[in-house]
Amino acid sequence: MSAAEPTSMERVLTALGHREADRVPFLINASLHGAKWLGLSLKEYFSRPENVVEAQLRVREKYRHDFVMGFFYGAVDFEAWGAEVVFYDDGPPNSGEPFIKSFEQIDTLEPPVVSEAPCLRKVLRAIELLREKVRDEVPILGVVISPFSLPVMQMGFEKYIDLIYESPRHFDRLMAVNERFSFDWANAQIGAGATAIVYFDPVSSPTVLPREIFLDKGDPIMRRAVAKVTGPIISHMASGRCIPIIDDLAGSGIAGIGVSALENLGEIKAACRGKLAVVGNLNAIEMRHWTAADAEARVKDAIAAAGPGGGYVLSDNHGEIPLQVPEETLMAISDAVHKWGRYPLDWIENGG
Amino acid sequence: MVQYPKSRIAFEQALLSLDRLSANTILREASEADSPIKAVEQLVVPALERIGNGWENGSVALSQVYMSGRICEELVDEILPPGDPQRIDQPKIAIATLEDYHVLGKRIVFATLRASGLELLDFGHGMSAESLAKRSAEERVQVLLISTLMLRSALQVKEVVRLLRASGSETRVVVGGAPFSFDEDLWKAVGADAMCHYASEAIDAIARVMEVTS
């Protein structure tokens with residue numbers, strides 16, 4: 001690294017401020033690959049925060065990207081409620097059986113206390129250790145599932161849609177309970193050293209709910225999250241679309257948005273320019289069979305569409321890269337960002 | 001005489017705005033003026049097709065697809081009750097969610113097919129490749145619809161197909177769910193016979209894979 005080269009933290013903050021840094025910052029969400037390098041089953045891997053820290057540092061060293069993640073797995077926000085998580089050897093842990101079986105159960109539901117949930121304490125410890133290791137040079141991302149999207153795991157998607165449409169009283173009560181949990185959980189991660197919170201909120205996506213229902217129900221919750229969480233929030237649609245609600249999202253005060261491969265990145269960037277940073281949108285499912293040339297071409301396309309002017313972090317579109325994606329492909333992505341992501345991006349105008 | 005093109009638009013609008021009462025009135029009038037199965041074919045099937053297509057292109061939300069399917073399933077059950085001879089029970093179809101608890105996709109496809117006059121078995125969710133292949137063979141299922149959300153589960157379809165073929169079963173396998181939508185070649189890679197982007201595509205897919213079989 002040359003003396004003049006900014007740290008990843010500086011690079012990312014410049015991008016989030018809608019300015020061009022030395023190059024496009026990028027995030028390789030390859031935590032599961034890190035587990036493989038340690039020779040551990042995923043259940044063993046997630047049992048100790050030190051494992052996650054070591055893997056995160058190794059992933060960053062190998063792929064030379066600009067973040068480390070405090071993230072373990074999405075279902076940890078569900079596990080904290082005493083719910084079952086199912087571990088596999090070849091995929092991320094998944095939420096088990098929903099624990100809210102009837103709307104009436106919501107009347108007496110109470111949130112878990114963050115500091116008393118062993119699964120959350122492990123995540124917090126990992127963030128603390130990462131902060132010690134990377135100091136202020138690398139942003140650490142914490143993750144929460146939004147109060148509005150958590151019920152998909154808590155009660156199942158079908159029953160949750162029924163709740164949204166049919167029982168406003170129970171919906172309001174569940175959101176109040178979930179907000180207490182999710183906002184405390186986000187703040188605990190900030191307190192442990194996370195730089196920003198990725199707020200996974202696929203239910204707010206127009207892929208899942210019509211905009212008018214998002215405005216009535218999901219948007220107020222997001223605004224309260226911005227007001228109550230003590231760090232910047234990046235909302236993530238977890239592969240869902242966002243273009244129809246970009247102005248609404250920008251008005252909520254979030255710093256950025258994780259976007260889908262289903263939408264045109266150039267259109268997203270045009271709608272977000274100067275208002276929201278854009279994070280995405282390489283197709284992590286398709287990535288399994290990309291060649292190195294494919295990876296380079298996709299990276300170039302993404303940078304050409306969203307890189308100019310800053311306000312862009314290159315990443316996958318879902319928030320986690322499947323284990324089935326070869327390491328050579330991830331390396332090709334990294335090489336391509338280092339090659340084509342240098343500002344100024346003159347090669348775009350020159351037809352490179 | 002039923003003015004189907006006009007009724008179709010009104011029926012679709014009623015579904016998208018979750019106006020069960022209006023949807024019921026339109027379907028009942030068509031059913032009485034024509035026949036229940038004709039009303040289903042001319043109103044319900046095209047409306048759900050357009051709504052599913054709308055989800056695929058981003059103009060309709062998943063919640064509207066789900067609620068439309070649910071409303072149609074209830075309405076069609078009233079004019080074409082289970083067991084009615086006009087219902088279509090061939091080929092023998094079953095549906096399941098492989099491995100996990102993400103059952104919304106299965107529920108939507110189940111409701112859409114039943115609302116279209118088809119009968120099918122629901123094998124449930126959280127099934128392993130072994131249990132799904134075994135039950136399909138035991139029940140002599142001709143078309144097995146498999147819904148998945150996670151990539152890992154989608155890749156398990158390969159094992160279902162392998163086990164089916166190893167047992168001599170000719171069951172056709174039709175898949176759907178997010179991993180297949182994000183990777184258009186994945187269904188072929190796992191050995192499925194067809195893939196659907198949205199629920200009502202399953203009607204054509206079933207016909208297609210049965211043509212190949214016969």
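Two strands pair if DSSP finds at least two bridges between them. In this predicted model, strand S1 of chain B (residues 93-98) and strand S3 of chain B (residues 143-147) are joined by five bridges. The two strands run parallel. Within this pairing, Thr97(B) stands opposite Ser147(B) of S3(B).

S1(B) also pairs with strand S2 of chain B (residues 121-127). Four bridges link S1(B) and S2(B), and the direction is again parallel. Here Ala96(B) stands opposite Gly124(B) of S2(B). Between S1(B) and S2(B) the chain passes through helix H5 of chain B (residues 104-115). The resulting β-α-β crossover is right-handed.

These pairings belong to an open sheet of five strands in chain B. The strand order is S2-S1-S3-S4-S5, with parallel pairing. S2(B) and strand S5 of chain B (194-196) stand at the edges. Each of these edge strands has a single partner, so one side of each is left without a neighbour in the sheet. From one strand to the next, the twist averages 25°.

Helices pack on this sheet. H5(B), the helix of the crossover, touches S1, S2, S3 and strand S4 (172-176) of chain B. The direction of H5(B) makes about 165° with that of S1(B). Helix H6 of chain B (residues 129-138) packs on the sheet as well, touching S1, S2 and S3 of chain B. The direction of H6(B) makes about 165° with that of S2(B).

The domain assignment divides chain B into domain 1 (4-79) and domain 2 (93-213). The C-alpha centres of domain 1 and domain 2 of chain B lie 24 Å apart. Their contact takes 17 residues from domain 1 of chain B and 15 residues from domain 2 of chain B. On the domain 1 side, helix H3 (36-57) and helix H4 of chain B each supply at least two residues. The largest share of that side comes from H3(B), which gives ten residues. By residue class, the domain 1 side holds ten nonpolar, three polar and four charged residues.

Chain B also touches chain A. This contact takes 21 residues from chain B and 26 residues from chain A. Four helices of chain B give two or more residues to the chain B side: H4 (62-79), H5, H7 (151-166) and H8 (178-182). H4(B) provides the largest share of that side, five residues. The chain B side divides into 13 nonpolar, four polar and four charged residues. Two of these helices recur elsewhere in chain B. H4(B) also supplies residues to the contact between the domains, and H5(B) also packs on the sheet.

In chain A, one residue was examined individually. Asn187(A) is found in helix H9 of chain A (residues 168-192). A residue counts as buried if 20 or more other C-beta atoms lie within 10 Å of its own, and as exposed if 12 or fewer do. Asn187(A) has 19 other C-beta atoms within 10 Å, and is therefore partly exposed. Leaving aside neighbours within four places in sequence, Asn187(A) is in contact with Val229(A) and Thr230(A). Val86(A) is 101 residues from Asn187(A) along the chain, and the C-alpha atoms of the two residues are separated by 27 Å.

Terms used
Residues are numbered from 1 along each chain as its sequence is written. Chains are lettered from A and ligands numbered from 1 in the order in which they are written. This is a predicted model: local features need pLDDT of at least 70, side-chain atom pairs count only at pLDDT 80 or more; totals for chains, interfaces and linings use all residues. A crossover is right-handed if, with the strands pointing away from the viewer, the path from the first strand over the helix to the second runs clockwise. Axes are lines fitted to C-alpha atoms, for helices over the stretch in contact, and angles run from 0 to 180 degrees between N-to-C directions. Two residues are in contact if their C-beta atoms, placed from the backbone, lie within 7 Å. Ala, Val, Leu, Ile, Met, Phe, Trp, Tyr, Cys and Pro count as nonpolar, Asp, Glu, Lys and Arg as charged, and the others, Gly among them, as polar. Domain bounds come from an automatic or database domain assignment.
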